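Thank you for making time this morning. Please take a moment with the sequence and the structure before I begin, and then we can walk through the strands together.

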Amino acid sequence: MKCFVAIALLAVAVSASPIDPYGHYAAPALVHAAPHYAAPVVHAPLVKHVVAEPVAYPKYSFNYGIKDPHTGDIKSQAEERDGDVVKGQYSLVEPDGSVRTVDYTADDHNGFNAVVHKSAPAVHKVVAPVAHYAPAPVLSHYVH
């Protein structure tokens, strides 16, 4: 029996040897087990009961205007809404003195539409100052 156990142990040792039965070096096979991670726990989202509140009918109108002679900021706007239909107009004075006016409408059927009008710039006649120079003095005698 001792002999049989010794031969069995020798067979296990030879099979674990890095040299295969044909005399070639073979690295021992290492078995790497992939790490085991627990799957994340996913909770189903809570279903929230939403109560739709009544929405007020959208209807408004407003207008405003600015006329600042110090900065030259001159503009105005007026708009009204009745349900899903919006109509309005705004205007402003451009740096060149022209006035841009935009009339616009918006609704679910036609989308947003704008018509732009531009007036000619206001012509300000600028008079250049005239320089008056005194005549040069005339020397009547020469010094030698």
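What follows is a short tour of one sheet and of the way its strands are joined.

I should say at the outset that this is a predicted model, and I will start with the overall arrangement. There are 5 strands forming an open sheet in the order 1-2-3-4-5, with antiparallel pairing. At the edges lie strand 1 and strand 5, the latter covering 111-118, and each of these pairs on one side only. From one strand to the next, the twist averages 10 degrees. As general background, the strands of a sheet pair through backbone hydrogen bonds, and they may do so in a parallel or an antiparallel sense.

Let us now go along the sheet, beginning with strand 1, residues 59-68, which pairs with strand 2, residues 73-82, in the antiparallel sense over 10 bridges. Within that pairing, Phe 62 stands opposite Glu 79 of strand 2. The two strands make a hairpin with 4 residues between them, and in the turn Gly 72 has a positive phi of about 80 degrees.

Which residue in the turn between strand 2 and strand 3 has a positive phi? That residue is Gly 83, with a phi of about 70 degrees, in a hairpin that has 2 residues between its strands. Strand 3 spans residues 85-93, and its antiparallel pairing with strand 2 runs over 8 bridges, with Glu 80 standing opposite Lys 87 of strand 3.

Finally, strand 3 also pairs with strand 4, residues 99-107, again in the antiparallel sense and over 8 bridges, and here Gly 88 stands opposite Tyr 104 in strand 4.

Definitions and conventions:
Residues are numbered from 1 along each chain as its sequence is written. This is a predicted model: local features need pLDDT of at least 70, side-chain atom pairs count only at pLDDT 80 or more; totals for chains, interfaces and linings use all residues. Side-chain values use heavy atoms; hydrogens and water are left out. Two strands pair if DSSP finds at least two bridges between them. Axes are lines fitted to C-alpha atoms, for helices over the stretch in contact, and angles run from 0 to 180 degrees between N-to-C directions.
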